[in-house]
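Trainee: I would like to learn how to read contacts, empty spaces and helices from a set of coordinates. Can we work through one case together?

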Amino acid sequence: MSSFLLDSSWLWVPMVLFAALAQTARNAAQRSLTQAIGTLPATLVRFLYGLPFALLWLGFLYLITPRTLPDFSPAYLGWIALGALFQVGGTAMLLLAMKARNFAVAVTLSKTEVLQVALFGTVFLHELPTALAVAAMVIATLGVLILSLPPRDRRWSLSAWFSRSALYGLACGAFFAIAAIGFRGGALALGEPVPWINGAWGVVLAQTLQSLVLGGWIAWRHPGGIAPVFRAWRVSLVAGSMGAAASMAWFTAYALQGAAHVRTLGMVEVVFSYLVSRRVLREPLSWPERIGMLLMLLGLVLVTLEY
């Protein structure tokens, strides 16, 4: 068992695919909560209800691979705090975008983060993407732009391009890009050789901070406090468990691979969101949106050709 856990560098691709699938389920659950309890409480659900699952997973890992605790340096804690706080903002922006537009398109708008992740990763982590990876990012982002086109009769309207849903989606992408760099930086700073444990510690510390900060803010400033979060425990439990599963997989992938590659492949979430949008929520998609998804899929295929 220990040798398998140590020899897992190839697992970043299935980890990302699993993370995207679990995140789609979490987004769908959170979307229904937004209408019922509000944007910030629905954002809190992801972290508060996910934390117990993250703690159980961390305990299980230490049970099967006994080892000493890693060195939590100030640099590591700083990277995790950066990622955690920006992830809170990104989640809130995503839920606001979902309220304003189609579920699949809202998720797609958030994927404008990919080029920003590559830029931030180059500047702050000195991780240079290859030419093939850059091509994949550009093609996938082109697909994102096509997916976010306004209706034909409003295509030349400035207000359509800078609509609330578009701005929320772009802000979401920027927040998630910085969060990805924070979590990747933390994974590099921890020095834990087992990626599963590296990722589990990141999730536990990040979700603890997120639950305390956001939960405290809601209790202080939000009408009704955090009571609505506990009243909606059934859907919240689904959102939290799926969110924890997604976070575990994302953090493990960050411990194995650069943030730009991880987030580019993570755009497969758009395909999963499309299936939810069409099959579960019965939301129609136009032909430009379908073409955009095909371009995005081409980008995903290209980014995996390197491995």
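Mentor: Start with a side-chain contact. The model is predicted, and in it the side chain of glutamine 23 makes a polar contact with the side chain of tryptophan 250, at 2.7 Å.

Trainee: Where is glutamine 23 placed, and is glutamine 23 buried or exposed?

Mentor: Glutamine 23 sits in helix 2. Its relative accessible area is 6%, and because the limit for buried is under 20%, glutamine 23 counts as buried.

Trainee: How should I look for empty space, and how many cavities of 30 Å³ or more does the structure hold?

Mentor: The general idea is that a probe the size of a water molecule, rolled over the atoms, shows where empty space is left. Here there is one cavity of 30 Å³ or more. The largest cavity has a volume of about 110 Å³.

Trainee: Which residues line the largest cavity?

Mentor: Both partners of the contact we began with, Gln23 and Trp250, are in the lining. The other lining residues are Arg46, Gln87, Phe176, Ala179, Ala180, Phe183, Phe251, Tyr254 and Arg263. Two elements, helix 10 (164–190) and helix 13, give two or more residues each to this lining. Helix 10 gives the most, with four residues.

Trainee: How does the lining of the largest cavity divide by class?

Mentor: Seven residues are nonpolar, two are polar and two are charged.

Trainee: Now the open case. What is the volume of the second largest pocket, and which residues line it?

Mentor: The second largest pocket has a volume of about 150 Å³. Its lining consists of Met15, Phe18, Phe53, Ala54, Trp57, Trp196, Ser241, Ala244, Ala245, Met248, Ala249 and Thr252. Helix 2 (12–37), helix 4 (51–64) and helix 13 (233–256) are the elements that give two or more residues to this lining. Helix 13 supplies the largest share, six residues.

Trainee: Which classes appear in the lining of the second largest pocket?

Mentor: Ten residues are nonpolar, two are polar and none is charged. In the largest cavity, by contrast, the lining includes two charged residues.

Trainee: Is there a general way to think about which helix residues face a given space?

Mentor: An α-helix has 3.6 residues a turn, so residues three or four places apart point the same way. With that in mind, look again at the part of the pocket lining that includes Ser241, Ala244, Ala245, Met248, Ala249 and Thr252.

Trainee: How do I check the length of a helix, taking helix 2 as the case?

Mentor: Compare an expected span with the distance between the end C-alpha atoms. At 1.5 Å a residue, the 26 residues of helix 2 should span 38 Å, and the end C-alpha atoms are 35 Å apart, which agrees. Just after helix 2, glycine 38 takes a positive phi of about 105°.

Trainee: How many salt bridges does the structure hold, and which parts are tied together?

Mentor: The structure holds one salt bridge. Arginine 67 pairs with glutamate 192, and their closest N and O atoms are 3.1 Å apart. Arginine 67 lies in the loop between helix 4 and helix 5 (74–100), and glutamate 192 in the loop between helix 10 and helix 11 (195–221), so the pair ties together parts that are 125 residues apart in sequence.

Trainee: Which of these two residues is buried, and which is partly exposed?

Mentor: Glutamate 192 is buried, at 10% relative accessible area. Arginine 67 is partly exposed, at 32%.

Trainee: What does the side chain of threonine 91 reach?

Mentor: Threonine 91 lies in helix 5, and its side chain reaches the backbone oxygen of glutamine 87 at 2.9 Å. Threonine 91 is buried, with a relative accessible area of 1%. Gln87 has already come up, as one of the residues lining the largest cavity.

Trainee: One last topic is residue pairs that are separated in sequence. How far apart in space are alanine 189 and serine 73?

Mentor: Alanine 189 and serine 73 are 7.7 Å apart, C-alpha to C-alpha, with their positions 116 residues apart in sequence terms. Alanine 189 is in helix 10 and is partly exposed, at 30% relative accessible area. Alanine 174 also lies in helix 10. Alanine 174 is 6.8 Å from glutamine 116, C-alpha to C-alpha, and the two are 58 residues apart in sequence.

Notes. Residues numbered from 1 in each chain as written. Predicted model: local features only at pLDDT ≥ 70, side-chain atom pairs only at ≥ 80, totals over all residues. Heavy atoms only, no water. 1 Å grid on protein atoms, 1.4 Å probe; cavity = no way out; pocket = protein on both sides within 12 Å on 5 of 7 lines; lining within 4 Å. Points joined across faces, edges and corners; volume = space filled by probe spheres on them. Nonpolar A, V, L, I, M, F, W, Y, C, P; charged D, E, K, R; others polar. Buried < 20%, exposed > 50% of the residue type's maximum accessible area, 1.4 Å probe, protein only. Polar contact = N/O pair within 3.5 Å; in protein donor to acceptor, adjacent residues only side chain to side chain. Salt bridge = Lys/Arg side-chain N within 4 Å of Asp/Glu carboxyl O. Expected span 1.5 Å × (residues − 1).
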